[in-house]
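Subject: Structure handover

Hi,

Here is the structure I promised you. Please open it and keep it beside this email as you read.

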Amino acid sequence: MGQSDQHVSQEDGVKPELLEAGRLLFAGEAEFFWAAAKADGLPEMGAPEFAFAGRSNVGKSSLLNALTGRNALARTSHTPGRTQQLNFFAIGGAPGQERLRLVDMPGYGFAAVSKEKIAGWTKLMRAYLSGRASLQRVFVLVDGRHGVKDSDREMFKLLDSSAQSYQVVLTKRDEVKKSEISIRMAETLKALEKHPAAYPGVIFTSSKTSEGIGELRAAFAQVLAERGL
Ligand code: GTP
Ligand code: MG
């Protein structure tokens, strides 16, 4: 299994059936269908939901595009704080017939945002995270160049208190030295030890090179399979 290769892919550890199931999940249609700026503006529950949370600029929208193989499904930006609503995407079927939904959440940890905005955002997040039976897992994206920050720890606490299943995904792998990749992954797992609600596995992705994207798709497939969905 690639033992002799210099570069051992993360996918080596994932069952081929799961990689294939994950690929198929994202091989079909993908369409934006709803934006919620307030807690009472959420769409009705339907297909299984997976959300992306993370600091501003960590690469949430880019990862959503990489997963679905679209360049501009979710708007990406050089200006942090761009995504300010919960944006819902129907995956694998037209809205109403989708296989699953992806939810792009507003970024946190952006200093230049007003207190009012942060308060409104926190309220929306709490409302969404606590009352959403169809939400299967939150992927918390952490910048692979910097590792877990205090604002990420706040997010972990919010998820712990919402009893919401979550998993960390490291981003921008293409900008991290090969020698630092396993160190960053180990540090991240260590930071998660205090958070029993966190899934004890980290995926290191790049939206630029697509590294880790197959493994992340497989993680979706695994959650759905485990829950009979
Ligand atoms: P907000 O919506 O503001 O919270 O940001 P976001 O988390 O959605 O980040 P976004 O996807 O808009 O990306 C922010 C910046 O990081 C953009 O300039 C992207 O091109 C860049 N970026 C995202 N993913 C990657 C990656 O895997 N590698 C590299 N090198 N750059 C990336
Ligand atoms: Mg965004």
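Below is what I found, going from the sheet to its strands, then to charges and loops. Bear in mind that this is a predicted model.

**The sheet**

Start with the overall layout. The model has an open sheet of 7 strands. Their order is 1-3-4-2-5-6-7, and the pairing is mixed. Strand 1 (30-36) and strand 7 (203-204) are the edge strands. Each of these two pairs on one side only.

A helix also sits against this sheet. Helix 4 (residues 150-161) packs on it, touching strand 2, strand 5 (135-143) and strand 6 (166-171). The direction of helix 4 makes about 170° with that of strand 5.

**Strand 2**

Now look at strand 2 (residues 49-54). Which strands does it pair with? Strand 2 pairs with strand 4 in the parallel sense, over 4 bridges. Strand 2 also pairs with strand 5 in the parallel sense, here over 6 bridges. Alanine 51 is a handy marker for both pairings. It stands opposite valine 103 in strand 4, and opposite valine 138 in strand 5.

Is strand 2 buried or exposed? In strand 2, 6 of the 6 residues are buried, so the strand is largely enclosed by the rest of the structure. Both faces are covered. Glu49, Ala51 and Ala53 are buried on one side. Phe50, Phe52 and Gly54 are buried on the other.

**Helix 2**

Helix 2 (60-68) comes next, after a loop that follows strand 2. Of its 9 residues, 8 are buried, so helix 2 is largely enclosed by the rest of the structure. Lysine 60 and serine 61 are among the buried ones, as are Leu63, Leu64 and Asn65. Keep Lys60 and Ser61 in mind, as both come up again below.

**Salt bridges**

Side chains of opposite charge can pair when their charged atoms come close. In this model the count comes to 13 salt bridges. Three are worth a look.

- Arginine 101 with glutamate 49: the closest N and O atoms are 2.8 Å apart. This pair links distant parts of the chain, since arginine 101 is in strand 4 and glutamate 49 in strand 2, 52 residues apart. Both arginine 101 and glutamate 49 are buried.
- Arginine 145 with aspartate 143: this salt bridge spans 2.8 Å, N to O. Arginine 145 is partly exposed, because its relative accessibility is 32%. Aspartate 143 is buried, with a relative accessible area of 12%.
- Glutamate 180 with arginine 184: here the closest N and O atoms are 4.0 Å apart. Both residues lie in helix 5 (residues 178-192), 4 residues apart, about one turn of the helix. Glutamate 180 is partly exposed, with a relative accessible area of 28%. Arginine 184 counts as buried, because its relative accessibility is 9%.

There is also a network. Salt bridges that share partners join Glu49, Glu98, Arg101 and Arg132.

**A buried charge without a salt bridge**

Aspartate 104 is in strand 4 (residues 100-104). It is buried, yet it has no salt bridge. What is the nearest side chain of opposite charge? It is lysine 60, and the distance is 5.7 Å. A salt bridge needs the nitrogen and the carboxyl oxygen within 4 Å, so this pair does not count. Aspartate 104 does have a polar contact, though. Its side chain meets that of serine 61 at 2.8 Å.

**Positive phi angles**

Most residues other than glycine have a negative phi. Where does this model depart from that? Two loop residues are good examples.

Asparagine 57 has a phi near 75°, a positive value in a residue other than glycine. It lies in the loop between strand 2 and helix 2. Asparagine 57 is partly exposed, with a relative accessible area of 37%.

Serine 210 has a positive phi of about 70°, although it is not a glycine. It lies in the loop between strand 7 and helix 6 (213-226). Serine 210 counts as partly exposed, at 43% relative accessibility.

A glycine joins the list too. Glycine 69, just after helix 2, takes a positive phi of about 70°.

Best wishes

Conventions
Residues numbered from 1 in each chain as written. Chains lettered and ligands numbered in written order. Predicted model: local features only at pLDDT ≥ 70, side-chain atom pairs only at ≥ 80, totals over all residues. Heavy atoms only, no water. Buried < 20%, exposed > 50% of the residue type's maximum accessible area, 1.4 Å probe, protein only. Lys, Arg positive; Asp, Glu negative; His and termini not counted. Polar contact = N/O pair within 3.5 Å; in protein donor to acceptor, adjacent residues only side chain to side chain. Pairing = 2+ DSSP bridges. Contact = heavy atoms within 4.5 Å. Axes fitted to C-alpha atoms, helices over the stretch in contact; angles between N-to-C directions.
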